[in-house]
Amino acid sequence: MERIFSSMTTIKSIDLSNFKTSKVTDMTGMFEGTKNLRNVDLSSLDTSSLLRMDYMFYGSGITSADLSNLDTSKVTTMNNMFNGCEATSLNLSSFNTSNVTDMHTMFAQSYATSIYLSSFNTGNVTNMESMFDGSKAVSLDLK
């Protein structure tokens, strides 16, 4: 599903409820540059095989997304995932990041003022370069 909706600047809504994603390994740039897409419901996606989430919301207009049901246990790369994203709050406390090795510029230039990362396990991360560079964050929950 790499860049499936990328740069669709006029799209305002997407219904993902009928997508069969159990074998999908790459969602790189899935919503990259979707400037007019504000809300996205990812609760129906089976991400149990997912390995890459790079640039997933890069430069998107998404202001809210329910990410609580995403299975990130096999994901290895999340670089630039929310770089430039317009979401004002990001709750990623349900993310399992134990296999992630790359988080560079993950939140760079993001508009999120609150970022919840309480479950993040960065034990295998080898690149966190500029992870929050230029971010608008005023509250980081890194417990």
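This briefing describes one buried residue, one small group of paired strands and one further strand residue. The model is predicted, and local features need pLDDT of at least 70, side-chain atom pairs count only at pLDDT 80 or more, and totals for chains, interfaces and linings use all residues. Residues are numbered from 1 along each chain as its sequence is written, and side-chain values use heavy atoms, with hydrogens and water left out.

**Asp102 and its surroundings**

- Asp102 sits in the loop that runs between strand S3 (89-91) and strand S4 (114-116), where strands are DSSP runs (E, at least two residues) numbered from the N terminus.
- Asp102 is buried (under 20% relative accessible area, with a 1.4 Å probe and protein chains only), yet it has no salt bridge (a side-chain nitrogen of Lys or Arg within 4 Å of a carboxyl oxygen of Asp or Glu).
- The nearest side chain of opposite charge to Asp102 is Arg52, 7.3 Å away, given that Lys and Arg count as positive and Asp and Glu as negative, while His and the chain ends are not counted.
- Leaving aside residues up to four places away in sequence, Asp102 touches Thr76, Thr77, Met78, Asn79 and Asn127, a contact being heavy atoms within 4.5 Å.

**The sheet**

- Three strands form an open sheet in the order S3-S4-S5, with parallel pairing, and two strands pair if DSSP finds at least two bridges between them.
- The edge strands are S3 and S5 (139-141), each of which pairs on one side only.
- S4 and S5 pair in the parallel sense over three bridges, and Ser114 stands opposite Ser139 in S5.

**Ala65**

- Ala65 belongs to strand S2 (residues 64-66), and it counts as partly exposed because its relative accessibility is 32%, which lies between the buried limit and the exposed limit of over 50%.

How values were computed:
Helices (H or I, at least four residues) and strands (E, at least two) are DSSP runs, numbered from the N terminus.
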